[in-house]
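Me: I'm new to looking at protein structures. Could you walk me through how to read one?

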Amino acid sequence: MAYGFMDIARTPSVQAAQAEMGADHLWADFSGHRDFDRFSDQEAEFIAQQDTLYLASVSETGWPYVQHRGGPPGFLKMLDHQTLAFADYRGNRQYISTGNFKASDRACMILVDYPRRARLKIYAHVETLALDADPLLTERVLDKGYGAKPERIFKLRLQAFDWNCPQHITRRFTEAQIATVAQPLRERIEQLERENAALRAKLNL
């Protein structure tokens, strides 16, 4: 039966490694059906909340490269249930991922939600577009309040996705997330400080 992501990832060498570790039966005898070639509302909600991703490409010499990409929460846009896109902002100007995608359009992405200990992995084909190639797409993808300089659009056609287990994901929180959680505490402290000031003022009368 189809497994989607593992149908791509389970190459002969991976199968050999699974057999060596006594895990090949878990995948060879898989009896379910997990195509996962269309994002559901669950993935749409997850993707819309992320402010970072890890993007893997491969060069024509066979060397893989993993790149961090980020932006405001939701910078990775879901155009439809099989298509994603994001603005590629200027960084250190090495352009390794950009160059690799000229040799091979295959990519793998991992998105991690550290507070919820959730991890989504995605196989996709990447199309690199100039900012003026599709003005409507560029308008949809750019985050106008973000100060970085966009250089291109990466448009990704979904091949397969899968959810990873939360094992070994340490919970981490951004400054904004901590500020949101701490806001009621700040308000309570401010209230108590006002009450204390009022009581002190009365005692001094």
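Reply: Sure, and keep in mind that this is a predicted model. Let's begin with what pairing means: two strands count as paired if DSSP finds at least two bridges between them.

Me: Okay, in what order do the seven strands of the sheet come?

Reply: Here the order is E2-E1-E5-E6-E7-E4-E3, with antiparallel pairing, and the sheet is open.

Me: Which strands stand at the edges?

Reply: Those are E2 and E3, where E3 covers 77–80. Each has a single partner strand, so one side of each is left without a neighbour in the sheet. Also, neighbouring strands are turned against each other by 35° on average, if you ignore direction.

Me: Can we zoom in on one pair? How many bridges join E4 to E7?

Reply: Seven bridges join them, and the two strands run antiparallel. E4 takes in residues 83–89, while E7 takes in residues 150–164. To see the pairing up close, find Ala-87: the residue standing opposite is Ile-153 in E7.

Me: Now the rings. How do I describe a pair of aromatic rings?

Reply: You give the distance of the centres and the angle of the planes. A search of the whole structure turns up eight aromatic pairs. Take Phe-75 and Phe-86: their ring centres are 6.0 Å apart and their planes stand at 80°, so this pair is edge-to-face. The cut-off for that label is an angle over 60 degrees.

Me: Where do those two sit in the chain?

Reply: Phe-75 is in the loop between E2 and E3, and Phe-86 is in strand E4, eleven residues apart. Both Phe-75 and Phe-86 are buried. They also belong to one aromatic cluster with Phe-101 and Phe-154.

Me: What about the rings of Tyr-89 and Tyr-146? How far apart are their centres?

Reply: Their centres are 5.0 Å apart with planes at 70°, so that's edge-to-face too. Tyr-89 lies in strand E4 and Tyr-146 in the loop between helix H6 (135–141) and E7, 57 residues apart.

Me: Is Tyr-89 buried or exposed?

Reply: Buried means under 20% relative accessible area. Tyr-89 has 12%, so Tyr-89 is buried. Tyr-146 has 35%, which makes that residue partly exposed.

Me: One last spot: where is Gly-62?

Reply: Look in the loop between strand E1 (52–58) and strand E2 (64–70). Gly-62 is partly exposed, with a relative accessible area of 48%. For a sense of scale, Gly-62 and Cys-165 are 103 residues apart in sequence and 28 Å apart in space, C-alpha to C-alpha.

Notes. Residues numbered from 1 in each chain as written. Predicted model: local features only at pLDDT ≥ 70, side-chain atom pairs only at ≥ 80, totals over all residues. Heavy atoms only, no water. Helix = DSSP H or I, 4+ residues; strand = E, 2+ residues; numbered from the N terminus. Buried < 20%, exposed > 50% of the residue type's maximum accessible area, 1.4 Å probe, protein only. Axes fitted to C-alpha atoms, helices over the stretch in contact; angles between N-to-C directions. Phe/Tyr/Trp six-rings, centres within 6.5 Å; stacked < 30°, edge-to-face > 60°.
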